Amino acid sequence: MVTPLPTEFYLQDTREAAKKLLGQLLVRTLPTGETLSGVIVETEAYLRDDPACHAYKGQTPRNAMMFGPPGQAYVYFTYGLHMMLNLVCAPTGTAEAVLIRALEPVDGIDAMRLNRGGILETKQLTNGPGKLTQALALTRLGHNGLSITDPASELRVMPHEIPPFETVETTRIGISRGAELPWRYYVRGNGCVSRK
DNA sequence: TGTGCGATCCACT
DNA sequence: GTGGATCGCACAC
């Protein structure tokens, strides 16, 4: 029986966790019992004292989940349209997280295509943070605060092996403050990465 | 109580 | 390559 990555994984340095999450398997179980999954191929780290971090200015009802224990999902809504999936890292109260930006679909590709509402190439299903939450049917009300370490959880990160790959470190996307910090990581050459 | 803007995506040029 | 959609939150008044 394979178990999810343990809570301890999320207690290491958040940038290290962001790097090591590349190649791991994000698994989503639907209420129907159907399983959707994808390999994590792109992440970004958001740290305390990081001006781009939602928690930079202190705790609010919106970002409260980031201040909670590590190993749970922080799902939030932005641009009036999109959901973002983050994994909370560092000890309770620290408020650091890893943004999951892209997946390579593995299981449940037909269901993902339905959730995305169109005939799309497989790599188009989850090659962006707003797209992958839609493909996996993640919502703020339903999944914010969900454990990702509990084997019975609807959403969890499973240890996974993929062929050796090169990790690219670069600057983060879509932010104005702290934009110069090289805390975005992706699998070089993977077609599902959101943007070069 | 009002206003500005954001860790984006997609259609259209 | 560019701009519109669209809404919750933070902060100013």
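Buried means under 20% relative accessible area. I noted that cut-off before opening this predicted model, and I started with helix α1.

**Entry 1: helix α1**

I looked up which residues of α1, residues 14-21, are buried, and found T14, A17, A18 and L21. Looking down the axis of α1, I saw these buried residues fall within an arc of 100°, so they line one face of the helix. Next I asked what they pack against: β2 (35-46), β4, β5, β6 (155-158) and β8 (184-187).

Then I checked the two ends. D13 caps the N-terminal end of α1, with a side-chain oxygen 2.8 Å from the backbone nitrogen of R15. Just after the helix comes G23, and its phi is positive, about 90°.

**Entry 2: Y46**

I stayed with β2, since Y46 lies in that strand. Is Y46 buried or exposed? Its relative accessibility is 9%, so I wrote it down as buried. I listed its contacts, leaving out residues up to four places away in sequence: T14, A52, C53, E96, A97, L99, R172 and I175. T14 had already turned up among the buried residues of α1. The side chain of Y46 also makes a polar contact with the side chain of E44, at 2.7 Å. For a long-range distance I took Y46 and Q124, which are 78 residues apart along the chain; their C-alpha atoms are separated by 25 Å.

**Entry 3: cysteines**

How many disulfides does the structure hold? I found 0. C89 is in no disulfide, and the nearest cysteine sulfur, that of C53, is 11 Å away. I looked up accessibility as well: C89 is at 0%, so it counts as buried. C192 is buried too, with a relative accessible area of 6%.

**Entry 4: DNA strand B**

On to the DNA. There are 19 residues around DNA strand B, and H82, M84, N86, G174 and I175 come nearest. I was pleased to meet I175 again, having listed it as a contact of Y46. By class, the surface near strand B has 9 nonpolar, 7 polar and 3 charged residues.

Which parts of DNA strand B lie within 4 Å of the protein? Of those atoms, 55% belong to sugar or phosphate and the rest to bases.

I wrote down three polar pairs:
- A polar side-chain atom of H82 is 2.8 Å from a sugar or linking oxygen of DNA strand B.
- A polar backbone atom of G174 sits 3.0 Å from a phosphate oxygen of DNA strand B.
- For P129, a backbone N or O atom is 3.2 Å from a phosphate oxygen of DNA strand B.

The elements giving two or more residues to this surface are β3 (73-78), β4 (82-89), β5 (96-107) and α3 (129-135).

**Entry 5: DNA strand C and Y79**

DNA strand C is surrounded by K57, T60, R62, F77, Y79 and G80. These divide into 2 nonpolar, 2 polar and 2 charged. Of the strand C atoms within 4 Å of the protein, 78% belong to sugar or phosphate, and the rest to bases.

I went for the polar pairs here too. A polar backbone atom of Y79 is 2.8 Å from a base oxygen of DNA strand C. G80 brings a backbone N or O atom to 3.4 Å from a sugar or linking oxygen of the strand.

Y79 deserved a second look. I placed it in the loop between β3 and β4. With a relative accessible area of 67%, counted on protein chains only, Y79 is exposed. Most residues other than glycine have a negative phi. Y79 has a positive phi of about 55°, although it is not a glycine.

**Entry 6: A137 and H143**

I found another positive phi at A137, near 55°, again in a residue other than glycine. A137 lies in the loop between α3 and α4. It is partly exposed, with a relative accessible area of 28%.

A137 led me to H143, which touches R28, A73, V75, A137, L138 and E154, again not counting residues up to four places away in sequence. H143 lies in helix α4, residues 140-143. Where I looked for a side-chain partner, I found R28: a polar contact of 3.4 Å joins the two side chains. At a relative accessible area of 5%, H143 is buried.

How values were computed: Residues are numbered from 1 along each chain as its sequence is written. Chains are lettered from A and ligands numbered from 1 in the order in which they are written. This is a predicted model: local features need pLDDT of at least 70, side-chain atom pairs count only at pLDDT 80 or more; totals for chains, interfaces and linings use all residues. Side-chain values use heavy atoms; hydrogens and water are left out. A residue is near a molecule or strand if one of its heavy atoms lies within 4 Å of it. A polar contact is a pair of N or O atoms within 3.5 Å; within protein, one must be able to donate a hydrogen and the other to accept it, and residues adjacent in sequence count only if both atoms are side-chain atoms. Helices (H or I, at least four residues) and strands (E, at least two) are DSSP runs, numbered from the N terminus. Ala, Val, Leu, Ile, Met, Phe, Trp, Tyr, Cys and Pro count as nonpolar, Asp, Glu, Lys and Arg as charged, and the others, Gly among them, as polar. A disulfide is a pair of cysteine sulfur atoms within 2.5 Å. Buried means under 20% relative accessible area, exposed over 50%, partly exposed in between (1.4 Å probe, protein chains only). The arc is that of the directions from the helix axis to the C-beta atoms. Contact means heavy atoms within 4.5 Å.
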